[in-house]
Amino acid sequence: MQSNAQLSSTFYSRTCPNALNTIRTSVRQAVSRERRMAASLIRLHFHDCFGCDASILDETPTLVSEKTALSNLGSARGYGITEDAKREVEKTCPGVVSCADILAVAARDASTLVGGPSWTVKLGRRDSTTASHTLAETDLPGPFDPLDRFISGFAKKGLSTRDMVALSGSHSIGQAQCFLFHDRIYSNGTDIDAEFASTRRHRCPQEDQNGNLAPLDLVTPNQLDNNYFKNLRQKKVFFNQIKFFCVEDLQMILF
């Protein structure tokens with residue numbers, strides 16, 4: 001953890017000037033092979049960044065990573081891409097660039113490669129020497145959590161409710177396993193569009209195959225845009241988040 005660290009966008013300018021280009025190349029190659037990988041890298045960064053210390057990445061003889069925490073087990077992916085980027089960076093700058101920084105940069109690059117926003121990444125994180133399955137399982141928000149837990153969980157990280165709404169927009173890209181929304185699409189509830197639910201049932205049959213994948217956004221499934229918020233207002237989303245967001249927050253984001 002580096003709550004008091006002095007991060008800088010030019011942290012590696014002298015010690016590893018080609019680091020960002022090297023990371024970008026690895027991410028570009030990965031996303032060109034599989035568009036979904038962009039979503040996976042963004043999610044991986046988010047799941048690490050309730051610490052931002054690379055404790056979700058590979059284990060070492062002295063560190064048990066958070067890979068097998070319930071929030072990550074069987075769903076978090078993209079580890080190989082960060083490992084590839086680290087390996088390439090190590091060829092020219094051994095022992096200089098942290099895995100935590102590589103993951104942060106990779107998520108930014110993944111976003112831009114699928115039409116999403118770019119931002120300046122402040123660098124200088126140090127990789128954790130410890131990890132906590134308990135914190136990974138208790139701090140990360142889950143798909144079935146009530147609203148108050150979402151709000152309090154983000155608040156613990158210094159993020160407002162509006163920040164939470166904005167970050168939820170990353171659900172515009174990527175896929176989810178059927179078991180996460182199976183009950184919702186078969187509920188005949190008023191909080192989900194009936195036609196949307198019917199369409200999703202074809203991919204997620206009522207019996208078995210609950211590990212099937214379905215895109216989060218039917219309109220632009222491989223593009224990071226603001227369709228998630230439009231879908232949310234039309235009740236065309238997997239997760240029961242329609243009650244989370246006020247109209248003012250959504251309107252602010254619908255650019």
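**Exercise 1.** Does S71 count as buried or exposed, and at what relative accessibility? State also where S71 lies and which residues it touches.

*Solution.* The model under study is a predicted one.
Step 1: the loop between α2 and α3 holds S71.
Step 2: a residue is buried when its relative accessible area is under 20%. The relative accessibility of S71 is 17%, so S71 counts as buried.
Step 3: leaving aside residues up to four places away in sequence, S71 touches R43, H47, A136, E137 and L140.

**Exercise 2.** Determine whether T134 is buried or exposed, and name the helix in which T134 lies.

*Solution.*
Step 1: T134 belongs to helix α5, which covers residues 133-139.
Step 2: the term exposed applies over 50% relative accessible area. T134 has a relative accessible area of 54% and is therefore exposed.
Step 3: E66 stands 68 residues from T134 along the chain, and the C-alpha atoms of T134 and E66 are separated by 8.9 Å.

**Exercise 3.** Describe the span of helix α2 and explain why α2 is said to be largely enclosed.

*Solution.*
Step 1: α2 comprises residues 36-48, 13 residues in total. From the first C-alpha to the last, α2 reaches 19 Å, close to the 18 Å expected at 1.5 Å a residue.
Step 2: the buried residues of α2 are M37, A38, A39, S40, L41, I42, L44, H45, H47 and D48.
Step 3: because 10 of the 13 residues of α2 are buried, the helix is largely enclosed by the rest of the structure.
Step 4: the packing partners of these buried residues are α1 (19-33), α3 (79-92) and α4 (99-113).
Step 5: H47, one of the buried residues of α2, is also among the residues that S71 touches.

**Exercise 4.** Assess whether the radius of gyration of the chain agrees with that of a compact globule, and characterise the chain as a whole.

*Solution.*
Step 1: the chain contains 11 helices and 2 strands, in the order α-α-α-α-α-α-α-β-α-α-β-α-α from the N terminus on.
Step 2: for 255 residues, a compact globule would have a radius of gyration near 18 Å; the chain has 19 Å, which agrees.
Step 3: the C-alpha trace spans about 60 × 40 × 35 Å along its principal axes.
Step 4: of the 255 residues, 44% are buried.
Step 5: among contacts with a separation of 6 or more, 69% come from residues 24 or more positions apart.
Step 6: the accessible surface amounts to about 13100 Å², and carbon and sulfur atoms account for 52% of it.
Step 7: the chain carries 29 positive and 28 negative side chains, with the centres of the two sets 6 Å apart.

Key
Residues are numbered from 1 along each chain as its sequence is written. This is a predicted model: local features need pLDDT of at least 70, side-chain atom pairs count only at pLDDT 80 or more; totals for chains, interfaces and linings use all residues. Side-chain values use heavy atoms; hydrogens and water are left out. Helices (H or I, at least four residues) and strands (E, at least two) are DSSP runs, numbered from the N terminus. The expected span of a helix is 1.5 Å times one less than its number of residues. Buried means under 20% relative accessible area, exposed over 50%, partly exposed in between (1.4 Å probe, protein chains only). Contact means heavy atoms within 4.5 Å. The radius of gyration is taken over C-alpha atoms; the globule rule is 2.2 Å times the number of residues to the power 0.38. Accessible areas come from the Shrake-Rupley method with a 1.4 Å probe; for residues, only the protein chains shown count as cover. Lys and Arg count as positive and Asp and Glu as negative; His and the chain ends are not counted. The place of a charge is taken as NZ of Lys, CZ of Arg, CG of Asp or CD of Glu.
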